[in-house]
Amino acid sequence: MQSLLTIQGPETALFWFLAPLAVLAAIGMLLVKKAVHSALLLAWVMITLAIFYIAQDALFLGIVQVVVYTGAVMMLFLFILMLVGVDSSDSLTETITGLRPIAITAAVGFGGLMVSLLGHATLGREPIGLDIANQSGNVQGLAELLFSKYVWPFEVVSALLITAALGAMVLAHHQRTNPRPTQREQAVNRFRSGSLAGAAGLPGPGVFARHNAVDVPALLPDGTPAPSSISATLKARGDVIDSSQFQLDNVDTTVVEEK
Amino acid sequence: MADQNESNTVQPHISNDVDITSVAYEKVDQPGAKSLWAQLQGFWVTFITMFKKVNTVQYPEVKEPTAERFHGRHQLNRHPDGLEKCIGCELCAWACPADAIYVEGADNTPDNQMSPGERYGKVYQINYLRCVFCGLCIEACPTRALTMTNEYELADSTRAKLIFEKDDLLGPLRAGMLPPPHPMYPGMTDTNYYNGDVKEAHPSQEIK
Amino acid sequence: MKNAQLLLDDPGWIITLKAVIVFAVCVVLTIMSVWGERRLVARMQMRVGPNRVGKFGLIQALADGVKLALKEDLIPAAADKVVFVIAPIISATTAFMAFAVMPLTGPVTFFGEKTVMQLTDIPVGVLYVLATASVGVYGIVLAGWSSGSTYPLLGGLRSSAQVISYEIAMGLSLVSVFIYSGSMSTSSIVQAQQETWWYGLVLFPSFVIYAISMVGETNRAPFDLAEAEGELVGGFHTEYSSLKFALFFLAEYVNIIAVSALATTLFLGGYHAFPGLGFTEQWLGGWFTLIWFFIKVLFFFFIFVWLRGTLPRLRYDQFMQFGWKVLIPVSLLWILVVATLRVISTTSQSRPVTFGFAGVVVLIVLGISTAFDNSKKKRDSVVHPTAAEPNFAVPSLPSEITTINVSNQGGDRG
């Protein structure tokens, strides 16, 4: 708290302007109903954090936070959300039993880990100050640490991530058990299996010149209506017109002389 | 028609003479992708086109003449003495595939002689919202009264304005023509008119 | 860090003024480039293009903008209202933000203050551009999602997948520039190019990869799959109208200018003159460098237009394959080569070793590519087993017709 108050000028103003927004967004993330809104608020929190990093002279970290987390990780989240749950009625009920205690345990465990890490890094240590850390430039200083002292953990983490990605691919990959039919085989099958009408593609809707609306079934060469010419959506809605009036038997074909 | 329930599909005629699954077929070589150089040549095409003369005509300011036999607005022609050629026979209206022409004929009387002979077109309308400019009316016209001009600027703001009346369609009065109604050329019959014997109006035709 | 020092003592009002100028330049350039693009594409198609509004049609884009602004602003009933409004704002603002780190001129005197025309010079400037671009994707994705309609959703997903994929290739192509210049700051990279040649020549493969991926990144033809009219109506902005649509329109063109400016900065020597014309940089008190900068940016813009006028749109799977299976592996390989060359040249300083390594790499690449080619040929030449001759008549092919007896017929033909 002491150090916060000593920072003067624009940085303080920036902090007191953005920090409440970030906290609000973080709380909102938990409370909003739609998953996409939640993801958006999380992205906003990440961007605010990045601004704080930049304000504290950790330029590289701030920018990378945006590129990696906001730009890539959150975007993938959004991607999945949109692909899977476009429906606005996202289910809020628990589908897997016992998820709540697991989640609470994980959260507490993660929090404890963070606290212990931060304590390990700060308690009983004197900060050496930015000037020494950034002596040869912020990026160069980070690079030196990453590629010398922390190169082993760095590589281990990357190996872990690659393993995870490969594992996800292996789990999600669907192996074909039979060879994919070629176009020729598909064509042969169409002609060999029952209906010639299907072989040439389904008929379009509309009854020749008498009625060409999409909700009127087409007539087959023998004069019967073809239900397959109507879109399944229209059928499901019950929007198909009774086609019996268009059948050849019922059509009045007598010619009336005009006087 | 007997069994309508199952006749939605046409049953294939399955012939066992030929097993089509075992018919030999050759793989056709697809042209495939062009070489990189051939693809780059496309860039040269668009680049060099930039320096070519453009095809655009600055239309309202520059009006290029149409083809000589372009089908444009119709014109009702006159005989050289000013009488109308149209005899109100309605053949053009009957020939019209788009039903765009409306004609009402009427009898010529000695004090209201609009065309040589017995009849003239009293009402003559062409609806340019329907007209397809096929020219069948021109072919149908027995007196060469109806021809087409090269005029193509036929746009307007209301539907009514695009129904052209007889006044809009009649050709202009040229030198030697007298505005009808006026009597026929002295001593000439409608056959003489048809044969082109009348070259210009006679002074006696003029109604004072 | 010369630019950074020059920028450091700028008073606040100059920084504000610069921000306004950068904004104004972007907007004016957008308007002019819309006009320029339409004129150029028209010429490539033997047309004239807009030539009615103003002299040579110069204010056509402005007139279009006014028209857009005066149109009715529709929000679909199924749309998520808040996100629907935020999306175009994100798109447009992030597009402008990228320009903050572009060094537009060398040292100049600006209202009595010695400075450079660059809003800020941060040590990770190029990464900052990538960051703004990656936030800009949100605009597209959210627009697609919030419209509450199928085509925009598909367009938004396509577009974001495309931008993310090509951003990887783009980022990788930048790595070799970082390695060579030893910096991620735009102004230092420009300076570093003054000491060697332009990186467009030195790092030619990187330049090509960047040039390709910048087209993919901006959703422009031939990579404009997100707004493939034949498939997706208008893509992510199908449901947008009025000013919100205008913002997307603006963002697209500002993005083009921004990636062109980055290409200029990283590969074509930024604001510096062409080699041999260095004396021009002193003209107009240094302001002539601004003209050099925009000549190069407009060159890239012309390439964009040229591509649009020449190439048809790619199929989506081919486009993704090209990105992931060609561009990314090639850039990774190239980074390997550049890094090795760099280490060799900075440590041993011996040319034979450098050239020897380069030769080995070339041989390996050639070997791999020929092996790949052979395997491809083998796969193509698989002959399908032919069954017995069919027992019905088939029309013979032209090559099979050997004898045609025509002498007895056609005597009357002359």
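In this predicted model, chain A exposes about 18,900 Å², and carbon and sulfur atoms supply 68% of that area. Of the 259 residues in chain A, 20% are buried. The chain has eleven helices and two strands. Along the sequence these elements run α-α-α-α-α-α-α-α-α-α-β-β-α, so the two strands follow one another and a helix comes after them. Among the contacts in chain A with a separation of 6 or more, 42% are between residues 24 or more positions apart.

Chain C can be described in the same terms. Its exposed area is about 20,200 Å², with 69% supplied by carbon and sulfur atoms. Chain C has 414 residues, and buried residues make up 49% of them. It contains 14 helices and two strands. For contacts with a separation of 6 or more in chain C, residues 24 or more positions apart account for 77%.

The next topic is the interface of the two chains. Chain C and chain A bury about 2,000 Å² between them, and 86% of this lies on carbon and sulfur atoms. On the side of chain C, the residues that lose the most area to chain A are Tyr138(C), Trp145(C) and Leu157(C); together they make up 31% of what that side buries. Counted by residues, the contact takes 23 from chain C and 23 from chain A.

Which polar and charged interactions cross this interface? There are three residue pairs in polar contact between chain C and chain A, with both residues at pLDDT 80 or more. The rule also finds one salt bridge across the interface. That salt bridge is formed by Lys34(A) and Asp80(C), whose closest N and O atoms are 3.2 Å apart.

Two elements of chain C, helix H5 (125-146) and helix H6 (150-181), give two or more residues to the side that touches chain A. H5(C) provides the largest share of that side, eleven residues. By class, the side of chain C that touches chain A has 19 nonpolar residues, three polar residues and one charged residue.

Thr70(A) shows one point of this contact from the other chain. Thr70(A) is part of helix H4 of chain A, which spans residues 59-84. Leaving out residues up to four places away in sequence, Thr70(A) touches Ala43(A), Met46(A), Ile47(A), Gln65(A) and Met75(A), and also Tyr138(C) from the partner chain. Tyr138(C) is one of the three residues in chain C that lose the most area to chain A. Is Thr70(A) buried or exposed? Thr70(A) counts as buried because its relative accessibility is 0%, and the cut-off for buried is under 20%.

Salt bridges are also found inside chain C. Over all chains, the structure holds 14 salt bridges. In one of them the side chains of Arg308(C) and Glu37(C) meet, at 2.7 Å from N to O. Arg308(C) lies in helix H12 (residues 288-310) and Glu37(C) in helix H2 (residues 12-44), so this pair ties together parts of chain C that are 271 residues apart in sequence. The two partners fall in separate accessibility classes: Arg308(C) is partly exposed because its relative accessibility is 38%, whereas Glu37(C), at 0%, is buried.

A second salt bridge in chain C joins Glu252(C) to Arg220(C), with the closest N and O atoms 3.4 Å apart. Glu252(C) is in helix H11 (residues 242-267), and Arg220(C) is in the loop between helix H9 (204-217) and helix H10 (229-232), so the pair connects parts that are 32 residues apart in sequence. Both Glu252(C) and Arg220(C) are buried.

The loop between H9 and H10 also holds Asp224(C). The side chain of Asp224(C) meets that of Arg313(C) in a salt bridge of 3.0 Å, N to O. Because Arg313(C) lies in the loop between H12 and helix H13 (316-347), this pair ties together parts that are 89 residues apart in sequence. Arg313(C) counts as partly exposed at 32% relative accessibility, while Asp224(C) counts as buried at 13%.

Which residues do shared salt-bridge partners join into one network? Glu37(C), Arg220(C), Glu252(C) and Arg308(C) are joined in this way.

Note on methods:
Residues are numbered from 1 along each chain as its sequence is written. Chains are lettered from A and ligands numbered from 1 in the order in which they are written. This is a predicted model: local features need pLDDT of at least 70, side-chain atom pairs count only at pLDDT 80 or more; totals for chains, interfaces and linings use all residues. Side-chain values use heavy atoms; hydrogens and water are left out. Contact means heavy atoms within 4.5 Å. Buried area is the accessible area (1.4 Å probe) that two parts lose on being put together, summed over both. A salt bridge is a side-chain nitrogen of Lys or Arg within 4 Å of a carboxyl oxygen of Asp or Glu. A polar contact is a pair of N or O atoms within 3.5 Å; within protein, one must be able to donate a hydrogen and the other to accept it, and residues adjacent in sequence count only if both atoms are side-chain atoms. Helices (H or I, at least four residues) and strands (E, at least two) are DSSP runs, numbered from the N terminus. Ala, Val, Leu, Ile, Met, Phe, Trp, Tyr, Cys and Pro count as nonpolar, Asp, Glu, Lys and Arg as charged, and the others, Gly among them, as polar. Buried means under 20% relative accessible area, exposed over 50%, partly exposed in between (1.4 Å probe, protein chains only). Accessible areas come from the Shrake-Rupley method with a 1.4 Å probe; for residues, only the protein chains shown count as cover.
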